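Trainee: I am new to this structure. Please take one part and look at it closely with me, then show me how the rest connects to it.

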Amino acid sequence: MEEKCEVCLTNKELSVLHEIAMLISKTYDIETSLAKSLQILKNNLYLENCAIHLLEDDRLNMFASQDFTKQQQILSSFRLGEGATGLAAQSKEPVVVENVHNDILFLNKSGIRNNQTISYVAVPMQVDKDVVGVLSATLTKTTEIDFDETIRILSIISSIFGQAIHSYQLNKKEKERLNDLQQYYKMEWDSKVHNFGDIIGQCEKMESVFKVIEQIADSNVTVLVRGETGTGKELVASAIHKRSRRKEEPFVKLNCAAITDTLIESELFGHEKGAFTDAKEMRKGRFELADGGTLFLDEIGDISASAQVKLLRVLQEREFERVGGGKTIKVNVRLIAATNRNLEQMVKDGEFREDLYYRLNVIPIDLPPLRERGDDIRLLVNFFLERSMKNHKKRVTLTEDAMEQLCSYPWPGNIRELENTIERIVLIGSEEGVSAKDMLLMLPALNDQKLSQNYQSRQIGDKTLEQIEKEAIEATLQNCDNSVAEAAQKLGLSQRQIRYKMQKYEIK
Ligand SMILES: Nc1ncnc2c1ncn2[C@@H]1O[C@H](COP(=O)(O)OP(=O)(O)O)[C@@H](O)[C@H]1O
Ligand SMILES: [Mg+2]
């Protein structure tokens with residue numbers, strides 16, 4: 001005999017719950033598993049016209065059902081508070097229509113006809129305090145359970161459905177975001193012209209850079225691009241991607257220096273919901289976003305020690321976990337890293353893992369600073385001048401003096417600085433010709449350079465290094481009352497060294 005009490009479920013109900021729970025946990029798509037679950041309710045408890053409405057923008061639309069035709073499903077859509085279904089969502093309470101034939105709450109918008117139908121039950125599906133939809137069914141003469149039992153079992157099932165639907169919606173949202181992101185990256189990518197024609201350079205060092213790019217672009221090998229700031233590291237990384245078989249896939253960037261140590265891991269590997277206080281939803285990291293394509297990690301020398309360990313593992317095993325998650329994720333990503341720091345020194349100083357260094361430095365590409373690129377400066381000046389004049393629809397000419405100045409300037413900010421300077425020249429300059437004097441306005445750093453050159457020539461003149469050394473020792477001795485020990489200390493020499501030099505320079 002089946003025993004019944006307020007909180008006990010009948011064996012039948014338990015077996016229904018069990019079957020539904022099993023179904024929902026299977027990896028069917030959600031619509032199929034919900035439809036099958038509703039079928040179980042019909043077959044076992046004789047509940048009819050079971051339906052699930054989802055709340056979308058204050059409207060309840062039918063999402064899964066049995067017994068309804070496509071047309072009826074479309075018709076059966078309610079505003080919040082409309083009819084029994086709308087009321088259940090609005091009040092967050094189950095709503096019962098005892099006799100569907102004389103209660104105005106039962107709207108029967110779908111027009112589904114069943115003379116057997118007696119009553120209607122609608123139960124809200126909630127996740128935390130939020131309503132995600134409504135589960136409803138009608139009772140007929142053959143239904144095996146009464147109102148209270150129906151409400152009770154539908155309430156339990158609705159919380160299972162609610163959770164499943166909620167995860168499904170989150171997942172769907174994340175997929176859309178991912179799609180958007182990839183679209184965005186691709187758009188950003190396609191809007192630029194990428195070819196060697198765009199990487200200007202004819203000097204020997206750049207020729208060999210081009211050669212390496214040609215050779216390795218098509219393989220999946222990890223590349224480390226090195227060079228001072230503004231030397232074109234990112235440009236080279238994108239050129240490699242554009243020439244690889246991955247060119248139709250995303251090129252995803254991350255500047256490691258721009259992110260705090262605590263955030264870098266979640267940016268790289270993503271995080272699960274609740275991994276930390278701000279992690280309201282699951283988010284994919286750059287590695288997942290770049291799946292199939294190329295990941296460019298800029299300023300790789302700036303990543304934290306723990307991120308180094310994780311990065312090493314991805315490079316070795318091609319897998320990782322999101323922050324706060326246990327699921328192992330596999331990706332197919334080609335890595336290009338860049339840095340302007342001296343990684344070898346960092347390895348020596350214990351700031352950068354040696355094993356990671358070797359994993360990254362499979363193919364090193366060293367970009368020369370602009371001041372070592374000789375005639376390339378002239379080439380680049382003309383290239384940027386043409387481009388900028390076209391953009392601003394303005395003509396400007398450089399005098400040969402001005403060009404000379406640009407060519408002899410040391411360009412600490414490299415090509416980026418040159419690019420910006422040309423932009424200024426085109427904006428301020430005139431068609432009559434930009435002179436060397438005008439240049440002081442357009443490249444203010446020239447003033448500092450002139451000053452320091454003057455200063456140096458005034459101090460040092462044409463003296464040889466030995467003369468300077470002799471004068472320094474003499475002056476220091478004088479300042480120290482001819483105490484050799486004191487002078488040696490001030491000059492950073494040993495007493496033996498200073499005596500040797502004094503002898504050599506015949507200082508008494
Ligand atoms: N060889 C080159 N030819 C043309 N433009 C270049 C070249 N190298 C760099 N640039 C331009 O200079 C700017 C800085 O380059 P970027 O790749 O960002 O340098 P880095 O990453 O080394 O700081 C970019 O606008 C880039 O397009
Ligand atoms: Mg850069």
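Mentor: We start with the antiparallel sheet, then follow the chain to the parallel sheet and the ligand.

Keep in mind that this is a predicted model. Six strands form an open sheet here, and the pairing is antiparallel. The order across the sheet is 3-2-1-6-5-4. Strand 3 (78-79) and strand 4 stand at the edges. Each has a single partner strand, so one side of each is left without a neighbour in the sheet. As background, strands of a sheet pair through backbone hydrogen bonds, either parallel or antiparallel.

Now take strand 5, residues 117-127. Is strand 5 largely enclosed or largely open? Eight of its 11 residues are buried, so strand 5 is largely enclosed by the rest of the structure. A residue counts as buried if 20 or more other C-beta atoms lie within 10 Å of its own.

Look at the two partners of strand 5. Strand 4 (residues 95-97) pairs with strand 5 over three bridges, in the antiparallel sense. One pair to find is valine 97 with its bridge partner tyrosine 120 in strand 5. Strand 6 (residues 130-140) pairs with strand 5 over 10 bridges, again antiparallel. There, threonine 117 has threonine 140 in strand 6 as its bridge partner. Strand 5 and strand 6 make a hairpin with two residues between the strands. In that hairpin, aspartate 128 takes a positive phi near 55°.

Move along the sheet to strand 1 (residues 48-56) and strand 2 (residues 59-65). Six bridges join them, and they run antiparallel. Alanine 51 stands opposite serine 65 in strand 2.

Next, the helix on this sheet. Helix 4 (residues 83-91) lies across strand 1, strand 2, strand 3, strand 4, strand 5 and strand 6. Helix 4 runs at about 30° to strand 5.

Two loop residues deserve a stop. Lysine 92 sits in the loop between helix 4 and strand 4. Lysine 92 has a positive phi of about 60°, although it is not a glycine. It counts as exposed, with 11 C-beta neighbours inside 10 Å. Tyrosine 46 lies in the loop between helix 2 (30-45) and strand 1. Its phi is near 60°, a positive value in a residue other than glycine. Tyrosine 46 has 16 other C-beta atoms within 10 Å and is partly exposed.

Now step back to the whole chain. The domain assignment gives domain 1 (11-171), domain 2 (192-366), domain 3 (372-458) and domain 4 (463-504). The C-alpha centres of domain 1 and domain 4 lie 96 Å apart.

On to the other sheet. Five strands form an open sheet in the order 8-9-12-7-13, and their pairing is parallel. Its edge strands are strand 8 (251-255) and strand 13 (363-366), and each pairs on one side only. Neighbouring strands of this sheet are turned by 20° against each other on average, direction ignored. Strand 7 (residues 223-226) and strand 12 (residues 334-339) run parallel, joined by four bridges. Leucine 224 has alanine 337 in strand 12 as its bridge partner.

This sheet also has a helix across it. Helix 7 (residues 233-242) lies across strand 7, strand 8, strand 9 (294-298), strand 12 and strand 13. Against strand 12, helix 7 runs at about 165°.

Helix 7 leads us to the ligand. Helix 7 and helix 15 (414-428) each supply at least two residues of the shell around ligand 1. How many residues surround ligand 1? There are 14, and the closest are Ile200, Gly232, Lys233, Glu234 and Leu235. The shell divides into four nonpolar, six polar and four charged residues. Why does ligand 1 count as lying between two domains? Domain 2 and domain 3 both give residues to its shell, so ligand 1 lies between them.

One last residue. Glutamate 400 has its place in helix 14 (residues 400-408). Glutamate 400 counts as exposed, with 9 C-beta neighbours inside 10 Å. Its C-alpha atom is separated by 9.1 Å from that of valine 434, and the two residues are 34 residues apart along the chain.

Note on methods:
Residues are numbered from 1 along each chain as its sequence is written. Chains are lettered from A and ligands numbered from 1 in the order in which they are written. This is a predicted model: local features need pLDDT of at least 70, side-chain atom pairs count only at pLDDT 80 or more; totals for chains, interfaces and linings use all residues. Two strands pair if DSSP finds at least two bridges between them. Axes are lines fitted to C-alpha atoms, for helices over the stretch in contact, and angles run from 0 to 180 degrees between N-to-C directions. Two residues are in contact if their C-beta atoms, placed from the backbone, lie within 7 Å. Domain bounds come from an automatic or database domain assignment. A residue is near a molecule or strand if its C-beta atom, placed from the backbone, lies within 6 Å of it. Ala, Val, Leu, Ile, Met, Phe, Trp, Tyr, Cys and Pro count as nonpolar, Asp, Glu, Lys and Arg as charged, and the others, Gly among them, as polar. A residue is buried if 20 or more other C-beta atoms lie within 10 Å of its own, exposed if 12 or fewer, and partly exposed in between; C-beta atoms are placed from the backbone.
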